[in-house]
Each structure stands twice: as structure tokens, then as C-alpha cells.
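Hello,

Here is the structure I promised to pass on to you. Have a look at it first, and then read on for what turned up.

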Amino acid sequence: MAIRREQGAAAAAERVRAGSSTGLAESILVGMEELRATERGLLAVRAAASEAQASRTKWIVLLGSLAVIAVTVVSSRLISREIERRRHVDRGLRASEARYRVLFDRNLAAIARTRRDGLVLDCNAAMVRLLGCASREEVLGMSASQFYADPGDRERLVAGVAPGEGVVDREVRFRRKSGELIWVSMTFIEYEEAGQPIFEAVMLDITDRKATSAQIEELNAALARQIRDLAAANQELDAFSYSISHDLRAPLRAMQGFSEALLEDYGERLDATGHDYAGRIVAASRQMDALIQDLLAYSRLVRVEVKLDPVSLEAVVDEACGTIEMEVKERGGEIIVERPLGRVLAHRAVLGQIVTNLLANAVKFTKADTPPVVRVRSESDRGRVRLWVEDNGIGIAPQHRERIFRAFERLHGAQQYPGTGIGLAIVQKGAARLGGQAGVESEPGAGSRFWVELAEGEGATA
Ligand code: ADP
């Protein structure tokens with residue numbers, strides 16, 4: 001056997017042929033023994049291999065089973081989570097649908113769903129009421145075009161809407177079942193449902209609103225007409241009062257002149273009563289002249305073309321002080337001007353009149369035996385300048401602070417404090433014409449602080 005393995009079959013045969021018979025039997029036995037040993041070895045190897053194979057298979061089966069179990073557990077978890085999620089979405093959808101339904105059914109606005117061809121798919125109770133129909137079914141049996149006063153209106157409205165778009169607050173005319181025409185504010189949106197374009201519309205009856213706004217328009221037009229008429233009448237009245245005032249001055253001057261002449265030339269021939277009467281005529285005609293002059297000043301203020309330029313407040317105040325300075329000094333008083341006063345946008349003559357009137361009042365309404373002390377100052381804030389004229393006079397009670405700015409409103413008799421009652425009306429009207437305001441702060445017995453507020457003036461002064 002060994003020879004056959006090492007040297008090949010021919011050598012082994014040769015050896016067999018060449019060997020003796022005992023040697024041959026012996027070598028056959030040895031060979032057989034060798035064969036058996038080899039066979040046992042092979043069997044042992046094969047048994048070990050198949051054992052290893054069996055153990056591998058066992059592991060594979062085990063791991064495979066574990067993997068299957070894991071996959072099953074994970075996927076069943078995922079599936080149950082998905083089912084739960086879908087249930088949740090379903091519940092949400094149902095709740096949302098229920099909310100929509102409540103909104104749809106109970107809405108005070110009329111709501112309807114229609115197809116493009118006019119078929120009414122759904123409508124709420126308010127829609128039934130809007131059309132004056134008996135039931136929802138009655139509306140569902142109509143074509144949407146029948147809602148309109150002019151059925152062509154729906155076609156035009158729908159034709160102008162691109163897919164997915166709509167209209168908001170479009171005013172259209174509807175015809176109710178009774179034939180009555182109403183105005184409706186229409187808001188609708190077009191959307192797709194099962195491949196069909198659907199229109200969902202919300203409608204409000206605005207007939208009353210339309211009627212009210214038409215009424216308001218009419219009233220506004222009437223008001224505008226009245227304002228125009230009033231302005232024209234005012235203008236006429238201004239012109240009239242101006243010419244009357246103007247014309248009154250001539251006979252008044254004659255009265256004044258002749259009564260003065262009467263006193264001068266015939267004074268000796270008059271007794272005391274005659275003197276008194278003539279004196280009263282002179283005083284009354286002077287008072288009337290002052291009144292007419294003030295009225296003319298007021299109406300000039302209304303009529304004058306007011307052009308605003310930067311004006312130096314100091315120049316205006318100095319000029320106004322010039323007219324009363326002597327009198328103030330004679331009475332032992334003073335006018336203190338806290339400079340600089342700044343500049344304002346104004347019409348010089350109108351501002352001059354305002355300041356003159358305020359200063360004249362400040363030195364007029366003084367306490368008995370108290371010399372007038374007047375302080376003029378200004379303050380500027382965010383483009384506005386406020387000019388103050390403060391006095392140490394009798395002051396004004398709170399309830400009179402507004403009314404004294406009206407024409408002919410006087411708090412005292414002409415004997416005590418002479419005047420016409422037009423000075424502050426000129427102040428207020430003048431300030432308004434300059435785009436400003438006027439007012440007063442005061443307490444009885446504690447002096448008054450009159451103010452005029454105007455826009456700050458920039459650039460060269462007038
Ligand atoms: P007039 O000075 O001619 O009386 P005004 O229109 O200028 O008319 O003023 C109206 C009234 O306001 C005055 O009669 C007076 O009672 C009150 N008044 C005006 N200025 C002052 C002041 N500085 N102090 C107190 N009272 C005043």
C-alpha cells in the first residue's frame with residue numbers, strides 16, 4: 001500500500017509479483033490494517049466536520065429566530081403607533097367637521113355651496129331667511145342664478161374668478177322670493193372637490209346699510225350746500241356790517257362834533273342839566289365811535305388776506321408797548337420784556353393788533369391803587385412759540401375764562417372799566433387766522449396770564 005502510494009500502482013504490482021507468498025499475505029494484512037486506519041481517520045474527520053456544520057446551523061437558526069422576533073416586535077409597535085396616529089387624526093377631522101357644521105348651520109351670515117353650473121349643494125338657515133324661502137329644500141331646488149336680481153350677474157361674477165381664488169365684500173343685488181330687491185355683500189371662494197369647482201359663499205344683507213349710507217351722502221351734500229350758503233351769507237354779512245359800521249361813523253362824527261361845539265359855543269347859555277346832557281351825548285358818541293372802530297377792526301381781520309411770514313416778536317411787542325408806555329409810567333407801573341422773545345410765523349399787522357389788545361387789557365384791569373406791572377415773555381417748544389402777557393390785575397374767575405373771548409362779553413360795567421368787549425374776540429380770531437391759538441390762566445385777585453401760541457418763524461423777519 002505504501003509502495004502504491006509512494007511509487008505508483010505498477011511498482012506495487014511488481015512488488016506483489018516479486019514478493020514471496022507469506023510476505024504477500026503479510027503485506028496484504030498490513031495494507032488492510034492501514035486501509036482501516038485511514039478509513040477510521042476519514043470517518044473521524046467527517047464526523048467532526050458534520051458536528052461543526054450542525055452547530056453552525058443551530059446558531060444560524062437561533063439568530064434568525066431572534067431577528068424575526070425582533071422585527072416582528074418592532075413592526076407591530078410601529079403599526080400600532082400608526083393606527084393610533086390615524087385614529088387621532090380621524091378624531092380631529094371629525095371634531096373639525098362638527099365645528100364647521102355648527103358654524104355653517106348657526107351662522108347669522110347666509111352661507112351656500114354651489115357648483116359652477118349653479119346647482120345649490122348646501123345652504124344654511126340664514127340663507128333660507130335671506131331669500132325669504134320656506135325651507136332649505138326649497139333653496140336647494142333653485143339655481144344660484146335665481147338669487148340674483150339680474151341672473152347675468154352671477155355669470156359675470158363667477159367668470160371673473162380664477163381657480164382657487166374668490167371675491168371679498170362684492171355688493172350685488174338679490175331678488176327675494178317675494179320679489180323684493182335687496183343689497184347683499186358677497187364674499188366667496190372657489191375650491192376643488194372631487195375634481196369639480198365648488199363655490200362657497202358668505203352673504204350679508206346690507207340693504208339697511210346701503211340705505212343709511214345713501215341717506216348720509218344726501219345729508220352730506222345738503223350740509224355742503226348749507227355750508228356754501230352760510231359762507232356766502234357770512235361774507236355778505238361781513239360786507240354789510242363793514243359798510244354799515246363805516247357809514248355810521250359819518251353821522252356819529254357829526255353828533256360828536258356838534259355836541260362838542262354846543263358845549264364850547266353855547267356852554268354859557270346852558271344850565272347844569274343842559275351841560276350834563278351835552279356831556280353825556282359826547283361820551284356816548286365817543287363810546288359808540290370806539291365800538292364801531294373795534295367792529296371795523298374785527299371785520300377787517302375776517303376779510304383781510306393773511307400771508308404768513310417770520311415776524312420778530314420783540315419788534316411787535318416794542319411797537320405795542322410804545323402806545324401805552326407813557327400811561328404806565330404815569331401810574332407808577334412798568335412793563336418788563338424778557339428778551340429774546342424769538343420769531344413766529346405771522347401777519348405783522350394782525351399780530352400787532354393781538355399784542356396791543358392784550359397789553360391794553362393788562363394795564364386796564366388793575367386793582368384799585370395798584371400800579372400795573374406787566375411781564376412779557378415767551379417759551380418755545382417743538383416748533384411752537386407761546387407768547388405770555390402776565391399782569392398783576394384783578395384776575396378772572398374760572399367760569400368766565402372762555403366766554404370773555406366772545407364778542408361783546410364783558411365782566412364789568414363801562415363806568416368801572418371802559419371798553420367795547422371786542423378786544424379778546426379780535427385776539428382769538430386773529431390767532432386762529434395765523435394758524436395758532438389763544439387762552440388764559442387766571443385766578444380772581446391773582447392777576448392773569450394771557451397767551452398766544454403760533455408756529456415758530458424761520459428766515460428773514462418781516
Ligand atoms: P374790553 O377790554 O373792551 O372789555 P375784551 O374783549 O378785551 O373787551 O375783554 C373782555 C372782558 O374780559 C373784559 O371786559 C374783562 O372783563 C375781561 N378781561 C380781559 N382782559 C383781562 C385782564 N387782563 N384781567 C382781567 N380781566 C380781563
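Which of the 21 residues around the ligand come nearest? They are N361, L411, G419, G423 and L424. Please keep in mind that this is a predicted model. Two elements, α10 and α11, give two or more residues to the shell around the ligand. By type, the residues of that shell divide into 9 nonpolar, 9 polar and 3 charged.

Let me stay with α11 for a moment. This helix covers residues 423–433, and 8 of its 11 residues are buried, so "mostly covered" is a fair description. The buried residues are G423, L424, A425, I426, V427, Q428, G430 and A431. G423 and L424 therefore appear on two lists, being buried members of α11 and also among the residues that come nearest to the ligand. What do the buried residues of α11 pack against? Their partners are two helices, α8 (272–303) and α10 (348–364), and two strands, β11 (437–442) and β12 (448–455). After the helix comes G435, which has a positive phi, near 80°.

Now to the sheet, which is a good place to rest your eyes next. In what order do its strands lie? There are 5 of them, forming an open sheet in the order β7-β9-β10-β12-β11, with mixed pairing. The edges are taken by β7 and β11; each has a single partner strand, so one side of each is left without a neighbour in the sheet. From one strand to the next, the twist averages 20°.

Two of the pairings are worth following residue by residue:

- β7 (residues 334–337) and β9 (residues 373–381) pair in the parallel sense over 4 bridges. Here V337 has V376 in β9 as its bridge partner.
- β9 and β10 (residues 384–390) run antiparallel and are joined by 7 bridges. Along this pair, R377 stands opposite W388 in β10, and D381 stands opposite R384 in β10.

β9 and β10 also form a hairpin, with 2 residues between them. In that turn, R382 has a positive phi of about 45°.

Helices lie on this sheet as well. α9 (residues 313–330) lies across β7, β9 and β10, and it runs at about 165° to β7. α11 packs on the sheet too, where it touches β11 and β12, and its direction makes about 135° with that of β11. So the helix that gives residues to the shell around the ligand is also a helix that packs on the sheet.

Finally, a step back to the whole protein chain, which has 11 helices and 12 strands. How does its radius of gyration stand against that of a compact globule of 462 residues? The globule would have a value near 23 Å, but the protein chain has 58 Å. Along its principal axes, the C-alpha trace spans about 210 × 70 × 40 Å. Buried residues make up 19% of the 462 residues. Of the contacts with a separation of 6 or more, 61% are accounted for by residues 24 or more positions apart.

Enjoy exploring it, and do write back with any questions.

Best wishes

Notes:
Residues numbered from 1 in each chain as written. Predicted model: local features only at pLDDT ≥ 70, side-chain atom pairs only at ≥ 80, totals over all residues. Buried ≥ 20, exposed ≤ 12 C-beta atoms within 10 Å, placed from the backbone. Contact = placed C-beta atoms within 7 Å. Near = placed C-beta within 6 Å. Nonpolar A, V, L, I, M, F, W, Y, C, P; charged D, E, K, R; others polar. Pairing = 2+ DSSP bridges. Axes fitted to C-alpha atoms, helices over the stretch in contact; angles between N-to-C directions. Rg over C-alpha atoms; globule rule 2.2 N^0.38 Å.
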